[in-house]
Each structure stands twice: as C-alpha cells, then as structure tokens.
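User: I'm new to reading protein models and I keep running into labels such as "buried" and "salt bridge". Could you walk me through where such labels come from?

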Amino acid sequence: MALETEQAQRAPRQEGTPLLQVKDLHTNFQTMDGVVKAVDGVSFDIQPGASVGIVGESGSGKSVTSLSIMRLVERPGWIPSGSIIFQGKDLLKLDDEQMRRIRGEDIAMVFQEPMSALNPVYTVGDQVAEIVRAHHRVGKRAAWARAVELFKLVGIPAADRRVHDYPHNLSGGMRQRVMIAMALANDPDLLILDEPTTALDVTIQAQILDLVRNLRERVNTAVLLITHDIGVVAEMCDEIIVMYGGKIMEHGTTHQIIDDPKHPYTRGLLAAIPAMGMKGQRLTVIPGTVPSPLRMPSGCPFRTRCPNVMDVCSNYPTLKTLDDGRQVYCWLYER
Amino acid sequence: MQEPDIEVTGALSDQAPWPMSAAHADAVILDETEDQVVAEPIGQWTLVWRRFIRHRIALIGGVMLILLILMAIFGPLLSPESPLSFNYFAGNKAPELNWRYLMGTDAQGHAIIMYILYGARISLEVGVFATVLTSIIGVLVGSIGGFFGGWVDAVMMRLTDVFLTLPFLPLLILLSAYTGGGNITFVILILGLLSWSPTARLVRSYFLSLRSQEFVQAAQALGVSSPRIMFKHMLPNALSVVIVSSTLNVAGFIIAEAAIDFLGVGIHTPNVSWGLALANSESYIADGNWWWPLFPGLALLITVLSVNFLGDGLRDALDVRAKVE
Amino acid sequence: MTEVLSEQQPAATASDVLLDVRNLKTYYPVLGGVMRRRIGWVKAVDDVSFSIKQGETLGLVGESGCGKTTTGRSIARLLKPQSGQIIFEGKDLLALKGKELKRVRRDLQIIFQDPYSSLNPRMPVGEIIGEGLMVHGMKDRRERENTVKYFLDVVGLRPEYARRYPHEFSGGQRQRIGIARALALRPKLIVCDEPVSALDVSIQSQVLNLLKDLQKEFGLTYLFIAHDLSVVEYMSDRVGVMYLGKMVEMAEAIDLYANPRMPYTQALLSAIPMANPAMRSQRQRIVLQGDVPSPLNPPSGCPFRTRCWMAQEVCVEVNPPLRNVGPEHDAACHFA
C-alpha cells in the first residue's frame, strides 16, 4: 500500500497540486459466475488543464475507470477500495447530493452513443437549458440564451434554430456536439470523453476531434479521453495511459508512448496497427485473446500473451519510474 | 433442389490431400490461450438447466407444477369419492381434520377435496392442450408471414387481425349453445382456435428481426433452402419466446376455462372442474360457507402462479447469449 | 460484350476478370403514409461499375451510408438489385435463379462484420461450417466432419471445437469460424464485409494475416469492404472510394493513397487519426464541413459538392462521370 502513495506523489513530469488523483482504485462487478475485477488497482493523476488519454481494448477497464470517477458504477458493480481525490475531496466519501453537484458542474462526461444519452421527447435546447438551470439560479430565458451560446461554442451552425430541434432531427456528429455543449454548460474543470467518436464516421470524427482541440484552447478544462483508438489519443492528448486487464501497463507522455513504447503490450499494440506503407509486410500479432475477466492470470495480466514473459511475471510488477519520468509496470525494467 | 453428390465431392476432393502449408502456421500456434475455452463443451440444454436451477422462484414454480400434474394423474385414486358417486353425507359442512371433510362439503354433500383432485385434470388438460394448439397455429402463421414478408405477410397478418377482433365471449356462448358444448374437447378447441393471434404476432416480429441477422444471410449465401432456413435457423432462435409466451398462455387458459365454466358455457356436470366448483358456490356464499369457493380459488391461484414463475425462470434460462462460465 | 468491357477498363482483359459489375443500381423503397405505400427510393447503390481480377483484392471504402455494404450484399445476391449486371465467370448473376443460382453461391461467399450475429447461436460450430457442404451435396456425415475439422485447422482453431457452440468463443475466434464457413465451399470470390471492424486491435491483425494467408493458399479473390482506410490500404491491390451510392475514385492502392485525385478521397485520407507524429506533421489536414447529405434527397450534380471546397457552378449541374485521370486511376471530379 505504501507503494501507491509513493507513486501518486511521483506523477510524471508535473508539479503542483493535481486536479484529480486516482489512488489504487478497485472496481468490481458481481456476476452469476463470480466477481469480475474490472478495475484492479489503478493510480494516476490529472493536472489542471491537462489532456490525458486512456487507451485499451475491450475489457481493459478503461470505461469502468471513467464511470468510477463519475461514481456512476451501479449495482452489481461496486468500488471496494481506493480513493479518487478531486480538488482535495475524496469523491468516494461524498454523499449522493454532494456528488450530484460535482457531476455536471465540476466534472462532466460525454458518452459514446449520443442518441441514447439524449431524451427523445425534449428539444436539445430544453435539455441543455435544464442542465444550466440545475446548477445555476437563472431564469428560463437566461438558460436558453446560454444554450444558444453553447451551441455556437461547439460549432453548431444556425444555433438559434437548432436549439428547437429534437435529437432525432440531428445527425450523429451534431448530436455529439450537443452532448459536448451540455458537458460544457457549467464550465467543468474536468471533461471526461468516453469513446466520443467511436460511433461516428471518420470525417465527422475529425470534426469532433478538431472541436475538442479548439475548445481546450479557449476553455481551460482538463480532458480525460477514453478510447480504443491509439491514433485518436495520439492526436488529442499530451499524456497516455495504456490499460490492459483492469491494470495500467504504461503511463507517459504521448511522445514517449508512441515513439518509444517500453511495455511489451504497448509495443505489440502499436505494431499490430496496419500503417500506411506496410503493404506486403506481415502484421505483427499479439498472440491469443484477452483472457476472460473471470480468469485473469495472477500477476501481470498480459503475461499469457507476452513475448518477454519471465517466471517473475506471476507476481504483479511494482511500479518502475524510468529516467524520462514515465511509469511502467513491467519486470523488464527492474533494476 | 439437390445436386448430384459426385460433382461436389469431386470438386472438393480433387484438391486432396489438402495443402497444409506453413502459411497459416502462426495462426495455429498463436491460437487463443488455452484457458479461454472451457474444458468440457457444455451442451445448450445443460446450460439452460444450470441457469434454471439457479432461479429459485422458478424452481419452486416447477416443483409445484410437477406436484399438480401428479395430483391430476393420481387424483381419482386419492379422492374419497367420485363425482358420480351417490352420496348421503351432510351438505354444507365446514372443514375438519379428516380426509373427506378436509375442505368441507358442498350443498349436496360432495367433498370439496374431490372437486380439487378431479378438477386438476380438467384445468391442466385445457391449459396444456389449448396452448399446444395456439402455439402450433401461431408459429406457423407467424413464421410464414415473418419469413416471406410482402403479400404473404399481409395475408397472414390480416387473418391474424380477424381472429384478434372476433368477440370471444359472445362467440363462445353462441357456439356452446349450437353444439351443446359441455365437454372438454370443445373447450380446448374453442380456446385454442380463437387465441393464437398474439403468438402469431410475436413469432412474426421475431422472425422479422431474425431475418436481418447476419447468420440468416450467411445461410442464404450458402444456398440453404427457405424451409430449412425457417425451421433450422430461425425457429430454434424464436423458440425461447414461444416457450415463454406459451407458459403464460397455459395460465391464461386455465383461468379462461374456469371463467367459462363459471358462466355456464364450459364444462357441465357430471364433469367437475375448479371453475364449476366456483360457479356452483356462488348462490351459497351468502350462507357463509366460505370453504366452498376458497379451496377451488386457491387451487387456481397456486397453479397460475406456479406456471407464471416457471415462465419467468425459462425466460432467463433460455437466453443463450447470457453466458454461464 | 468484351469490347465494351475493355473500353471501360483498358488494363483488364476479359480472361483475367473474375467479376464484372456493370451499372449496378440497388434501391431501397421508402414507405410512408397509412397504407405503407412507396413514396420514394433510397439509391443505396446508384450506377456503380467495376471489375475484379482473378486473385486480386479490391478494397471498397466509404463512410456509413455510402453503399459499400449494399454493393457487397448485391454481389453476394443477398439483395435484389434494381438493374445492372453482375457478371461472374461470364454468367450474369442477376439472371440466375434456383439451381443455377445455388451452384454459383458455392463460388461466391461472404464474411460478415458482426462475429456475434453472424453465427447461429443454436448450432454447434461443426454444423455451422458443415451446412454449406451438406446443402451442396456432401451427404456423408464422416466426410463432412473431416472437412469441417480440416477447415477449423486451416483458420487456426482446434478441430475438437466442432462440437462447441458459438457462445463459447471470443470475438476473434468467432470471426475465424465465419471465415471457415465461407471457405469450406472452396469459393473463388469472397466478399469480406467489414471483417475486422468489430474486433480489438490485437485480434484484428491476427485476422488480417489469416485472410492474407488464405488468399495465397486457396487462390482467393477478395472484395474487401471496410471503413478503416489503413486496413483497406494494407489488404488491397486496388481501392474504390464510394460516396452517397456512387463510386467516386478508383485506383491502385499505393497510387490512391499517395496521390488521391478526388477531393473527398483527399479529405478522407487526411482524417485518419495517426499515431505516428512524423507522419502526422507531413500530411495536410482537411476537415470537411457539414454532414453527408441524406441519401433520400441527394444533391444535384456531384454528390460531394455540398461539402467540397473546390465546388463550382458546374458541380451543381453536372454529375462528373468516373473517368480515367492516370494510369489505372479513375476519379469522378470535374477538376481531377
């Protein structure tokens, strides 16, 4: 346990008080066949205004991590241990009302499926105005004015007319813009984007990513981006956390992770993506599949597929902070 | 429909011995990790059974139902009298701790327990056979409509609509008067023939959604014939909903049978049923003999609840996609 | 016939063309009103022509609603096109019926996107793979079982898996089962409809390698449909780009990616999120404005003109045909 406190203090390359400190977070789910440890001892910090991406495949625990931060894990899931310190408060110790106030006001979240996150029977303007009024004592008119302003901020053309549209009148990209407008309604300090472009086409994805980039220059919001697409994090974030099997594998700057991955899993992941000009070459393969969450191997979850596996890997590696400040959980870097 | 055997076998075996090149060797070696797949393949029904027995309420419902079925089979042996037996016992007798008088007697001195034991057979027979009838008609009409679509579907669905709009009770009373009614076959036929519409609609909507599933398209691309796609690919996948809705139908029919007995257009004496016992008790309730309607009513309630519980459990157990591992 | 063909595709001679699609139109009726009458058509595939040579992989890319999947399903004869010709080994598939169609299906198989819905959950894997064999006349059970085991081995699964049900497998394994099903009939052409887009990155590369190996081993021809441009580039010899039901550019893969001529292709390529920062700085990013227009009500003239930064008067009035703009390179743009 002493380890986690130590690693929290040694966040990569940044000084000052972090906006968010996740410490040794565990999130479990009760299934008919046993307990699934979806998030298994995850620790990281987010500095104010930073952009951090969590990348991982399905079952890596990346989405559950973000839901845990929002305290949106519902039964049969629960958080047995860990702490999530946001602006000095442990979110896991707040009561429901205090947490409700933080959600949407200090931390906001955008989900993958904008259609299911929007209520089909209200206009999008209504829904944005409602969020504004839920956190501020303003009149209806002022809330609507704010909604139009937000729509303009997220680049919705003819914003003053679009606010009267129902969700089904809008395209997928426009709906995702509405979701971002809603998330920004109360100037949150942390914006969590959970696979925000996965349901969108590539040209629309480019629009949304552009929008988020521009917004970060204008509003000083820290961003936590959850995605399976390493290209998307690489373009969007300054820092990357690579997750696998509920655990962090590697955490460093985008430059470090992309150009010089240290963890065998990160290396395999990057090599498995067909890149331009790889024609005729065989793709590098990570053998096997992600183990069933009910039968995660002991120790390092990646060891059953790892090309560098050693005997010691049946124990979970302690955190190694390399000279360049990045954090790796791998026995290869034991000194 | 079928092509000459020799041709295809030839086409396939002229490649033999099949090339086992090294090209795919890595795929073999790098096959998903061993622990990914369960040690012993579990059959579909084993899986269903495992899930079912974890569903406690459904299990209770199932056990109750088995007891009820045993009662229907062996009831006449246990009964202190037969409905036909001439009796000279006291009427309107309250229950007491004695097999014959356990549930009291009716105005004529017949033991209420006799109605319960003999009536179980009628109730279950009507429930089960009427359901089998509705399921067969409903599945046929629904699957043909849902699979072929277009005008076939339109015809099938209009037919379904017609049966859905038939005024059930007046028709029943009319037919009952016309045929004389009174026997169990008549009740089963009436209930079965008039109630298949919801099943047909359910099956149709399932088939419509299954049609767009890729495994159905894959079968088409393989050249599988339409009847085979319907019955081998789609029906087994729709079967779980049919089974679940059928269990609920059983409960519905048991109640409907009691209701039409109650109205005097169902089973007649000398047959006995729970509904009939209830109906006969009606004019005597004012006398305060509560046991007469109570026990047949309880029997109905327990049966219907058991069937519903069972249906609930089956709904969960038959969902293949929910994984047990 | 062959003369017309060689005019359109100068490089393709009749002999090595396996599949020739000519003026394919597949429309979906739009129903409306109380009586569910047809009130219009969605032109999912609108006058598309291309050919695939024996042994090559033709990639089809485009965003959702561009008609690439409809094209694939029309070729696999899972949909009934409105008009056009799909000439496979000299026979027009659209004119075939009954027995003849069934025979052709053996040569023309399809692999689906969704590894979950593409396998019948109520059938053991052995039956899923063996059904095609049985339907096409391999009646002997033992022979069928051996063939199934052989093909399980070919796609990298253990032969004992034949008795298991689909739910016991992971997404990647299921996709291998789907490939084995298609392969078991020893087809000549396989339509791969987004075969890896539902898979995780680490599994995706396994399946892509497998598909390449099988192509070599069994001499297969692929129509490879995907929305992921890097995957298509990796897999394909030639690539066609579709937009709103039309083929807007077609060229050899290397040429298309190095030198896209149609503005839409340029935008599409520039929008791929790239991990490699060096490659990212090289490219010129084009972020398109607006959304793909509704296929119910497509724009006049060039379908792309509403989002195109080069659009002129002529683009509103005239729909540019696909024309030759370089060696083996066709593009549908007035300015290409």
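Analyst: Here we go through some labels for this model, one by one.

Analyst: This is a predicted model, where local features need pLDDT of at least 70, side-chain atom pairs count only at pLDDT 80 or more, and totals for chains, interfaces and linings use all residues. Residues are numbered from 1 along each chain as its sequence is written, chains are lettered from A and ligands numbered from 1 in the order in which they are written, and side-chain values use heavy atoms, with hydrogens and water left out.

User: What makes R326(A) and D260(A) a salt bridge?

Analyst: The label asks for a side-chain nitrogen of Lys or Arg within 4 Å of a carboxyl oxygen of Asp or Glu. For R326(A) and D260(A) the N to O value is 3.6 Å, so the pair fits the rule. R326(A) sits in the loop between β11 (320-321) and β12 (327-328) of chain A, while D260(A) sits in the loop between α11 (254-259) and α12 (264-272) of chain A, 66 residues apart. (Helices are DSSP runs of H or I with at least four residues, strands are runs of E with at least two, and both are numbered from the N terminus.) Both residues also belong to a network of salt bridges that links E250(A), D260(A), K262(A), D324(A) and R326(A).

User: Why is R326(A) called buried?

Analyst: Buried means under 20% relative accessible area, exposed means over 50%, and partly exposed is in between (1.4 Å probe, protein chains only). R326(A) has 0% relative accessibility, so it counts as buried. Its partner D260(A) comes out at 33%, so D260(A) counts as partly exposed.

User: How do you know that E334(A) and K320(A) form a salt bridge?

Analyst: Their closest N and O atoms are 3.2 Å apart, so the pair passes the cut-off. E334(A) lies in the segment after β12 of chain A and K320(A) in strand β11 of chain A, so the pair ties together parts 14 residues apart in sequence. E334(A), at 43%, is partly exposed, whereas K320(A), at 7%, is buried.

User: What about D193(C) and R73(C): are they buried or exposed?

Analyst: Buried: D193(C) has a relative accessible area of 3%, and R73(C) has 11%. They form a salt bridge with closest N and O atoms 3.0 Å apart. D193(C) is in strand β7 (residues 189-193) of chain C and R73(C) is in helix α2 (residues 68-75) of chain C, 120 residues apart. Over all chains, the rule gives 36 salt bridges.

User: What makes helix α10 of chain B "mostly covered"?

Analyst: Eight of the nine residues in this helix (residues 214-222) are buried. Among them are F215(B), V216(B) and L222(B). Right after α10(B) comes G223(B), whose phi is positive, near 95°.

User: Why does P299(C) count as buried, and what does it touch?

Analyst: Its relative accessible area is 15%, so P299(C) falls under the limit for buried. Leaving out residues up to four places away in sequence, P299(C) touches L244(C), P293(C), R305(C) and T306(C). A contact here means heavy atoms within 4.5 Å. P299(C) lies in the loop between α11 and α12 (313-317) of chain C.

User: How do you know how big the interface between chain C and chain A is?

Analyst: The size of an interface is often given as the accessible area lost when the parts come together. Buried area is counted that way, with a 1.4 Å probe, and summed over both parts. For chain C and chain A, the buried area is about 3400 Å², with carbon and sulfur atoms giving 56%. In chain C, V201(C), Y234(C) and P273(C) lose the most area to chain A, together 17% of what that side buries. The contact takes 44 residues from chain C and 43 from chain A. Three salt bridges are found across this interface; one of them joins R285(C) and E235(A), with closest N and O atoms 3.2 Å apart.

User: How do you know which parts to read with care?

Analyst: Look at pLDDT, the predictor's confidence in each residue, from 0 to 100. Where pLDDT is low, the predicted coordinates should not be read in detail. Chain A averages 87, with 95% of the residues scoring at least 70, but pLDDT stays under 50 over residues 1-13 of chain A. Chain B averages 76, with 81% scoring at least 70, and residues 1-39 of chain B are below 50.

Definitions and conventions. Buried area is the accessible area (1.4 Å probe) that two parts lose on being put together, summed over both.
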